[in-house]
Amino acid sequence: MKIKLHYLSLFVVGLLGTPPFQALALPATPAATVPVSQYVTSLNSDNSVTYRLFAPKAKRVSVVVGSTPDNQVTQDLQRDESGVWSWTSAALKPNLYEYYFDIDGFRSIDTGSRFTKPQRQVNTSLILVPGGILDERAVPHGDLRRLTYHSSALQAERQIYVWTPPGYKAGGEPLPVLYFYHGFGDTGLSAITQGRIPQIMDNLLAEGKIKPMLVVVPDTETNIQQAVAENFPPVERRKDFYPLNASAADKELMQDIIPLIDSRFTTRKEAAGRALAGLSQGGYQALVSGMSHLESFGWLATFSGVTTTTVPNEAVSRQLTQPKAINQQLRNFTLVVGEKDGVTGKDIAGLKSELEQQGVKFTYKLYPGLGHEMDVWRPAYAEFVQQLFVSPHQ
C-alpha cells in the first residue's frame, strides 16, 4: 500500500508540478507570559516616549524621529535578553510626532502601534503627546462623515470626508463650507488623522474662536490614467504630473464635489460662504481652482503650496494680472511657509513677489526654524479657520 501511495504521489507531482513553496518556520513571537506593554512603544507619565520593537534576530535597530530629512534625528535602540529593542526619549512637548524604525537598513512602521500616518505608501508611525489643541477634549464633538459618490468628471467612484459641527441638522441655518486639499503622497485621511482637523475644529468651536462650518476633504489625487502619482519619477512630477492632476481635480471640484455637498447638506451657496485651502500639492490645487473660479470663493489659502513659480498654469497667471478683481472678491488670501522649507519655499517666495508686484492683497506668515511639515500646517490651519466667515465679510 505504501509503495502504491508513493507512486501515486509521484504521478500527481508529475501532473501538477512541484509545489510553489515549502512551509518554513514562522517568525519568533514574544512569550505568552509577557504583557504586550513590555514590547510595544508607549507614552510615559512624564510625556517621554519609550520606543520598543520585538526583533530578536535583528543586528541593529534605530528609531528615526521627525517629519523631514532636515529635522529627523536617529537614535539607536538597545536589545535585551528577550529580543526587545528599546530607547526612551526626553520629556516631549505636546504635539503629534512622526517616527519609523530602521531595522538593519529596512524602513518599517511601528508594528506594535495602530497609529500610522495615512499615505499612499504607508511607512511612518505617529504618537500623540497630549496637552494641546490636537487633543480629543471633553467638549461637544462634530461628526466625521465619509461619502462615496460617482465622479462624472473622472468617471470613477470616489470618496470624500465631511466634518459637520456638533448638533448639525439638515434643513437648519445654511452653513459656510471650507474645502481643504491634502498634500502629495497622502490620502484624505491624512488631513483627518495627522492634520487633526476634527479635534482642531471641535476645540476651537468650543472656545468660541470659529464659526460653525462644514469642512470637506477631497482626495487631491485623481488617479486618472494619465496622472497616477506612482508612474512619475520625482524629478518629473512638476513638469507632467501636477498640471494633469490639477486640471482633473479642478473639474471634479466644480462639477461633482461642490454640487454634491450643496445637495446633501444645508449650505451657503454664495462665494462669501465658501473657502478653499490646501497644503503642499493641495496648496497648488487650491490656487489653481481658486483663481480659475474666483467668482465661486471668498477665502483662499495655500500652506507651503507648489505655485506657478515652478508649475505654470495659464488660468492662474491670467487671473493674477487682474488684482482689482481679486481684491474685491477675496475676503482673505493667505500664504504660509516654513522658514527652512526646501520643497516649496521658492514657490511661495515667487508667488509672494508676484502678488506684491501686481498689488494683490494677501496675508503672509513665515514659521521660523521649520520646514515642509505638519508643525507649520496644523497651526496655520487653526489660524486660518479663525479668520473665516466672520464680520464684516460674512
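This section describes the sheets, helix packing and aromatic pairs of one structure. The model is predicted.

Two open sheets are described here, beginning with the sheet of 8 strands. Its strand order is β10-β11-β13-β12-β14-β15-β16-β17. The pairing in this sheet is mixed. Strands β10 (143-151) and β17 (363-367) form the edges, and each pairs on one side only. From one strand to the next, the twist averages 20°. At the β17 edge, the neighbouring strand is β16, residues 332-338. Strands β16 and β17 run parallel and are joined by 5 bridges. Within this pairing, Val336 has Lys365 of β17 as its bridge partner.

Helices lie across this sheet. Helix α4 spans residues 237-264. It lies across β10, β11 (156-164), β12 (177-181), β13 (214-217) and β14 (274-279). Its direction is at about 125° to β10. Helix α8, residues 345-358, lies across β15 (299-303), β16 and β17. The angle between α8 and β16 is about 145°. The edge strand β10 is thus among the strands crossed by α4, while the edge strand β17 is among those crossed by α8.

Helix α4 also packs against another helix. Its partner is α5, residues 281-292. The two axes come within 10 Å and cross at roughly 60°. Because of this angle, α4 is oblique to α5. The crossing is right-handed. On the α4 side, the contact is made by Phe241, Tyr242, Asn245, Ala246, Ala249, Asp250 and Leu253. On the α5 side, Gln281, Tyr284, Gln285, Val288 and Ser289 take part. The contact residues of α4 and α5 divide into 7 nonpolar, 4 polar and 1 charged.

A second helix pair is formed by α3 and α9. Helix α3 covers residues 197-206, and helix α9 covers residues 374-385. They pack at an angle of about 40°, with axes 11 Å apart. At that angle, α3 is oblique to α9. Helix α3 passes α9 in a right-handed crossing. Residues Ile197, Ile200, Met201 and Leu204 of α3 make the contact with Arg378, Tyr381, Ala382 and Val385 of α9. Of the residues in this contact, 7 are nonpolar, none is polar and 1 is charged.

Aromatic pairs were also examined. The structure holds 14 of them. One is formed by Phe184 and Phe241. Its ring centres are 5.9 Å apart, with 80° between the planes. The arrangement is edge-to-face. This pair links distant parts of the chain, with its two residues 57 residues apart. Phe184 sits in the loop between β12 and α2 (188-194), whereas Phe241 belongs to helix α4. Phe241 is also one of the α4 residues in the contact with α5. Helix α4 therefore brings several of these features together: it lies across strands of the sheet, meets α5, and carries a residue of this aromatic pair.

The other open sheet has 4 strands. They are ordered β1-β2-β6-β5, with antiparallel pairing. Its edge strands are β1 (42-43) and β5 (78-79), each of which pairs on one side only. Following the sheet from the β1 edge, 2 bridges join β1 to β2, residues 49-54. These strands run antiparallel. Leu43 has Val49 of β2 as its bridge partner. Next, β2 is joined to β6, residues 84-88, by 5 bridges. This pairing is also antiparallel. Here Phe54 is partnered by Val84 in β6. At the other edge, 2 bridges join β5 to β6, again antiparallel. Arg79 stands opposite Trp85 of β6. Strands β5 and β6 form a hairpin, with 4 residues between them. In its turn, Gly83 has a positive phi of about 95°.

Notes. Residues numbered from 1 in each chain as written. Predicted model: local features only at pLDDT ≥ 70, side-chain atom pairs only at ≥ 80, totals over all residues. Heavy atoms only, no water. Pairing = 2+ DSSP bridges. Axes fitted to C-alpha atoms, helices over the stretch in contact; angles between N-to-C directions. Contact = heavy atoms within 4.5 Å. Parallel < 35°, antiparallel > 145°, perpendicular 65-115°, else oblique. Left-handed = near helix turned anticlockwise from the far one by under 90°. Nonpolar A, V, L, I, M, F, W, Y, C, P; charged D, E, K, R; others polar. Phe/Tyr/Trp six-rings, centres within 6.5 Å; stacked < 30°, edge-to-face > 60°.
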